[in-house]
Amino acid sequence: MRALVRCCCGHLPVGGGAGRRPSPRWRALARLSASPGWEDGQGARVREKPPWRVLFFGTDQFARETLRALHAARENKEEELIEKLEVVTVPSPSPKGLPVKQYAIQSQLPVYEWPDVGSGEYDVGVVASFGRLLSEALILKFPYGILNVHPSCLPRWRGPAPIIHTILHGDTIAGVTIMQIKPKRFDVGPILKQETVPVPPKSTSKELEAVLSRLGANMLISVLKNLPESLNDGRQQPAEGVTHAPKISAATSCIKWEEQTSEQIFRLYRAVGNIIPLQTLWMDNTIKLLDLVEVDSSILSDSKGQAVIPGSVIYHKQSQILLVCCKDDWIGVRSVMLKKTLTATDFYNGYLHPWYQKNSQAQPSQCRFQTLRLPPKKKKQKKKIVAMQ
C-alpha cells in the first residue's frame with residue numbers, strides 16, 4: 001500500500017509498550033490526552049480504547065474479506081471493538097460494482113464512491129487494495145492514522161501487485177503485513193504485525209489471495225484490539241531484502257519462447273492467467289492460450305524426432321493437446337482463443353493442418369508460435385508521484 005502521509009498527531013497514543021521510553025512526540029501527546037476532553041487539531045475527540053470508529057478503503061476480493069471481518073466485529077456487541085464502520089470504494093463500469101461495494105450494500109453499510117469520503121469523524125482508517133491517492137488532509141482526519149493490510153512479508157514485494165509477484169517468482173513463503181502508513185515513500189512504514197504461510201505447490205494467485213485475505217483480516221482485528229500498544233510497538237522495516245511488485249500489464253502476459261523455461265511459463269500462467277490470458281503470435285495473428293497443462297513424459301516420447309525450435313507447435317492426437325516447445329522443454333495447451341475459443345483439436349483442424357497441406361515444402365519453423373511484441377504505451381507527461389495504493 002502506498003500513501004502520501006500519515007496522521008502527524010495521533011500515532012502514539014497513551015499506554016505504550018512496557019519498558020520502552022516514549023518519544024518526545026509521544027510524551028507531548030500523553031500530556032495533552034491526559035487533559036479532560038482533549039481533542040486533536042481537527043476537533044475530533046481522541047479515544048484511548050475501543051470501540052473504534054473506522055473508515056475502510058478498498059475495492060477487490062482481498063479487500064472484501066478485510067471488510068467482512070470488520071463488519072463481523074462491529075456486529076459483535078459483546079466485544080465492543082468497532083462502533084462505526086463506513087466504506088469508501090472506487091467507481092466501477094459494472095452495474096454491480098466492485099466486491100467491496102457489493103458487500104457494503106448487502107450489509108447496509110454507508111458506502112461512498114471516491115473521491116467522496118463522507119464527512120464523519122473516525123478514529124482510524126484501514127486500507128486494503130484501494131489504488132487511489134490519499135491526500136494529507138484526508139489522512140489527518142484519523143487520530144490513530146491509517147493501517148494498511150498488505151499481502152506480503154515487507155520489505156519483500158512493496159507495491160501494488162505483491163501476490164502476483166510472489167507466484168511469478170516462485171516464492172515458497174508468503175505472508176501479510178499490517179503496517180502503518182508513512183509519508184512520501186511507498187510501503188516503508190513501521191510493521192505492527194507480520195505473519196508468514198507456506199505457498200501451496202502450484203498455487204495460483206487467486207488461490208493464494210484467498211489464503212492471505214483470511215489471514216490478513218484476522219491479523220487486522222488482532223491489531224485493533226490493542227491498537228495503542230500496537231502502534232507504539234511498531235518496528236521499522238529492515239533495509240535488506242527490499243523487492244518491488246509493480247502493476248502487471250498486457251505485455252506481462254506475452255510468452256517469450258526462446259527465453260522462458262517451462263517452469264517460468266507455468267508460473268506466469270498461475271500468476272496472471274486468471275487476469276490476462278497468456279498471449280503469443282501465430283502467422284501474424286494474436287493468440288491467447290487459455291488452458292495450459294503440464295506434459296507427461298510419455299507424450300513427449302511420442303513426439304521425439306519432431307521440430308524442437310522454441311515456439312514449435314505439434315498436435316498430439318491421443319491426448320488432444322498442442323505441444324509447444326519453449327527454452328528447455330515443452331508445455332501443453334488444451335484451448336486457445338483466435339477470433340473465438342477453440343480446443344486444441346479445433347485449432348489443429350481449422351488452422352495447423354490446412355496450413356501444412358497448403359505449404360507442404362515449408363519448414364516447421366515457419367509455422368511456430370512467436371513472441372508477441374506489444375508496442376510500448378505512450379508515456380503520459382509525468383506529474384510528481386506522491387502516493388499510490
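Which residue of β5 is the bridge partner of V127?

## Strand β5 and its neighbours

In this predicted model, the bridge partner of V127 in β5 is N148. That pairing can be placed in a wider setting, for strand β4, residues 124-128, and β5 run parallel and are joined by three bridges.

β5 also pairs with strand β6, which covers residues 173-180, and here the sense is antiparallel, with four bridges between the two strands. Within β6, the residue that stands opposite V149 is I178.

## How β5 is enclosed

Strand β5 spans residues 146-150, and because five of its five residues are buried, the strand is largely enclosed by the rest of the structure. The burial concerns both faces of β5, since I146, N148 and H150 are buried on one side, while L147 and V149 are buried on the other.

## Two helices in contact

Elsewhere in the predicted model, helix α2, made of residues 61-75, packs with helix α3, made of residues 99-106, at an angle of about 25°, and their axes are 8 Å apart. Angles under 35 degrees count as roughly parallel, and therefore α2 is described as roughly parallel to α3.

On the α2 side, the contact is made by Q61, A63, R64, L67, R68 and H71, and on the α3 side by P99, V100, Y103, A104 and Q106. Sorted by the character of their side chains, the residues of this contact of α2 with α3 divide into six nonpolar, three polar and two charged.

Conventions:
Residues numbered from 1 in each chain as written. Predicted model: local features only at pLDDT ≥ 70, side-chain atom pairs only at ≥ 80, totals over all residues. Heavy atoms only, no water. Axes fitted to C-alpha atoms, helices over the stretch in contact; angles between N-to-C directions. Parallel < 35°, antiparallel > 145°, perpendicular 65-115°, else oblique. Contact = heavy atoms within 4.5 Å. Nonpolar A, V, L, I, M, F, W, Y, C, P; charged D, E, K, R; others polar. Buried < 20%, exposed > 50% of the residue type's maximum accessible area, 1.4 Å probe, protein only. Pairing = 2+ DSSP bridges.
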